[in-house]
Amino acid sequence: MTSSTTGGGTRPRLAEALTAGAVVLDGGMSNQLESAGYDLADDLWSARLLAERPEAITEAHLAYFDAGASVATTAGYQASFEGFGRRGIGRASAARLMALSVELAREAARRARAGGADRPLWVAASAGPYGAMLADGSEYRGRYGLSVGELERFHRPRLEVLAAAAPDALALETVPDAEEGAALVRAVRGLGVPAWLSYTVEGRRTRAGQTLEEAFAPAAGTDEIIAVGVNCCAPKDVAYAVGVAARVTGKPVVVYPNSGEAWDPRARAWTGRSRFAAGRAEEWRDAGARLIGGCCRVGPEGIAALARAM
C-alpha cells in the first residue's frame, strides 16, 4: 500500500520503508532553533514558537530535510493542553497549535521537494512524556506517582488531536518510565495512525530504573507500534538497547541519541563535549536499528554526516 504525498504523488508508508531498510531521522529541534537565534528558556520550550514564530519551525525542519533526513519530528514535544492552559491558551486554540505542528513539517517537506529532494519524506508528530508538561526535569526521572490509567487519560486527548492532523506516524518519545510506556501503548490503540515508542535510558535501564525488557514488552503485541527504541540518551547506551528492543518485540528499532553532552537542569545548559559519531550508525543498523537520527545537540551537520554514512 502507499500513502499520498502532500502536493501529489505517492510514497511508501513509513512502516513499509522500515522493513525494507534504514531511514534517516532528523536531529534536535531546540538546538536548531537556538542556533537561529531564538531563546527557548521557557516552560513551553520550542512549542512556544508554534504561536509566536511558526515560520522558524518550518525553517528548522527544512534544514534537516536539506541535510538528508527523510523524517521530520514535529515541534509538539512540549505541547499539551495543560501546558498551553497555564499561558491562558484555551483548549480549542491549543488543539489548533498542536495540529499546526504537523502542518509546518508538511510545508517543510513541500519546500524540500521543490528544492530537489526526490526521496520519500515523512512527518512524525512528537508527543513528549508527562514530565515534559511539568517542565521540571522529571522526564529524566519518571515515577510521577500516577497510575497507568491516569497517564493514559493525560496522553489520549492530545494524541487524538495529533492523529486527526494526519501525520505519517506519532513519535511517543523520551519516555522515562516503563509504566508510562505501557500507558502510551494503550493510548494509541484505535487512533488509526502508526507510532513509535522511544525511551530515554541510562546505562541498561530506563531513567526510572526498570529493565529494558520490561519497558519494551507492552509494545510487542501492539500493531499500532511500528518501531521501538531509545532517544535522548548517551550514544554509548544505544547498542545494548537496540539488541534488547529487537529481541523483545521483533519490530524495527528507532534510535536517536543526544550528542553525548550532559544537561544541567539547574543551569539549563549543556556541558561536556560531543560524542555523537555518524560512523556508529552502521553498528546500530546491523543490530536492528532502522530509523536512525539524533536528538539534543545533534544538528544538520551531524545528520548530513549520518545520511552519508547510511
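## A guided tour of the predicted model

Select R106 to begin: with a relative accessible area of 13%, this residue counts as buried (buried is under 20% relative accessible area, exposed over 50% and partly exposed in between, with a 1.4 Å probe and protein chains only). The structure is a predicted model, in which local features need pLDDT of at least 70, side-chain atom pairs count only at pLDDT 80 or more, and totals for chains, interfaces and linings use all residues. Residues are numbered from 1 along each chain as its sequence is written, and side-chain values use heavy atoms, with hydrogens and water left out.

**Helix α6 and its neighbour**

Extend the selection from R106 to residues 91-114, which form helix α6, where R106 is placed. Helices (H or I, at least four residues) and strands (E, at least two) are DSSP runs, numbered from the N terminus. A distance label from R106 to A217 gives 32 Å from C-alpha to C-alpha, for a separation of 111 residues in sequence.

Next, add helix α8, which covers residues 148-164. The axes of α6 and α8 come within 8 Å and cross at roughly 50°. Axes here are lines fitted to C-alpha atoms, for helices over the stretch in contact, and angles run from 0 to 180 degrees between N-to-C directions. The crossing angle makes α6 oblique to α8; angles under 35 degrees count as roughly parallel, over 145 as roughly antiparallel, 65 to 115 as roughly perpendicular and the rest as oblique. The crossing of α6 and α8 is right-handed (the near helix is turned clockwise from the far one by less than a right angle; anticlockwise would be left-handed).

**Two further helix pairs**

Keep α8 displayed and add helix α9, residues 178-187; the two axes come within 8 Å and cross at roughly 45°. Helices α8 and α9 are therefore oblique to each other, and α8 passes α9 in a right-handed crossing.

Now select helix α4 (residues 54-67) together with helix α13 (residues 300-309). Their axes also come within 8 Å, at a crossing angle of roughly 25°. This pair is therefore roughly parallel, and the crossing of α4 and α13 is right-handed.

**Aromatic rings**

Turn to the side chains of Phe, Tyr and Trp. How many aromatic pairs does a search of the whole structure find? There are four. Rings of Phe, Tyr and Trp (its six-membered ring) pair if their centres lie within 6.5 Å; planes under 30 degrees apart count as stacked, over 60 as edge-to-face and the rest as tilted.

Select Y199 and F216. Their ring centres are 5.6 Å apart and their planes stand at 80°, so the pair is edge-to-face. The pair joins distant parts of the chain, 17 residues apart: Y199 belongs to strand β7 (residues 195-199) and F216 to helix α10 (residues 212-216). Both Y199 and F216 are buried; the relative accessible area of F216 is 0%. From F216, a C-alpha to C-alpha label to A166 reads 26 Å, across 50 residues of sequence.

Select Y130, Y144 and F154 next: ring pairs link these residues into a cluster.

Then move to F81 and R91. R91 lies over the face of F81, at 3.9 Å from the ring centre. A charge sits over a ring if NZ of Lys or CZ of Arg is within 6 Å of the ring centre and within 35 degrees of the ring normal.

**Cysteines**

How many disulfides does a search of the whole structure find? The search finds zero, a disulfide being a pair of cysteine sulfur atoms within 2.5 Å. Select C233, for which the nearest cysteine sulfur, that of C232, is 7.7 Å away. C296 is likewise in no disulfide, and its nearest cysteine sulfur, also that of C232, is 4.0 Å away. Is C233 buried or exposed? C233 is buried, with a relative accessible area of 2%. C296 counts as buried as well, at 7% relative accessibility.

**Two residues with positive phi**

Finish in the loops. A135 lies in the loop between α7 (130-134) and α8. This residue has a positive phi of about 55° although it is not a glycine, and its relative accessibility of 22% counts as partly exposed.

The last stop is R297, in the loop between β14 (289-292) and α13. R297 is not a glycine, yet its phi is positive, at about 75°. Its relative accessible area is 38%, and R297 is partly exposed.
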